[in-house]
Amino acid sequence: MISTVATISDPVGFHLRAAGRIVKLAKTFHAEVTVRFQGRVANAKSIMGLASLAADCGSVVELEIEGPDDAAAAAALVRLIEIDLAHP
């Protein structure tokens with residue numbers, strides 16, 4: 001299992017568009033991905049779960065990734081959250 005953090009780069013935070021991009025990427029991996037923010041928990045493969053976290057730009061989210069491709073999933077998801085979400 002890999003635990004890491006990522007700082008949200010999207011100017012409007014985890015809204016539906018950003019959540020949709022994260023879900024689309026997370027579903028390409030076999031690993032299970034959990035996102036935590038301020039005591040709330042969401043499955044990274046659930047668009048409504050991610051959007052319900054209501055994390056703003058600049059917020060730090062915790063990622064827990066477990067599965068056969070956890071390292072690749074962690075790297076890709078951190079890059080998306082920290083860099084690529086800022087560029088639609």
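These legends accompany several views of a predicted protein model.

**View 1. The whole fold, from end to end.** Here you can follow the protein chain through 3 helices and 4 strands. Tracing the sequence, you meet them in the pattern β-α-β-β-α-β-α. The C-alpha trace spans about 30 × 25 × 20 Å along its principal axes. A compact globule of 88 residues would have a radius of gyration near 12 Å, and the 11 Å of the protein chain agrees with that.

**View 2. Inside and outside of the protein chain.** Of the 88 residues, 41% are buried. Sequence-distant pairs are well represented: among contacts with a separation of 6 or more, 71% join residues 24 or more positions apart. On the outside, about 4500 Å² is exposed, with carbon and sulfur atoms supplying 57% of that area. The protein chain carries 8 positive and 10 negative side chains, and the centres of these two sets lie 8 Å apart.

**View 3. Aspartate 10 in its loop.** Look for this residue in the loop that links β1 (2-7) to α1 (16-26). Aspartate 10 has a relative accessible area of 0%, so it counts as buried, the cut-off being under 20%. Leaving aside residues up to four places away in sequence, aspartate 10 touches His15, Arg17, Ala18, Cys57, Leu85 and Ala86.

**View 4. Polar partners of the aspartate 10 side chain.** Zooming in on the side chain, you will find the backbone nitrogen of valine 12 at 2.9 Å. The side chain of histidine 15 is another partner, making a polar contact with the side chain of aspartate 10 at 3.4 Å.

Key. Residues numbered from 1 in each chain as written. Predicted model: local features only at pLDDT ≥ 70, side-chain atom pairs only at ≥ 80, totals over all residues. Heavy atoms only, no water. Helix = DSSP H or I, 4+ residues; strand = E, 2+ residues; numbered from the N terminus. Rg over C-alpha atoms; globule rule 2.2 N^0.38 Å. Buried < 20%, exposed > 50% of the residue type's maximum accessible area, 1.4 Å probe, protein only. Contact = heavy atoms within 4.5 Å. Areas by Shrake-Rupley, 256 points an atom, 1.4 Å probe, with all protein chains shown as cover. Lys, Arg positive; Asp, Glu negative; His and termini not counted. Charge placed at Lys NZ, Arg CZ, Asp CG, Glu CD. Polar contact = N/O pair within 3.5 Å; in protein donor to acceptor, adjacent residues only side chain to side chain.
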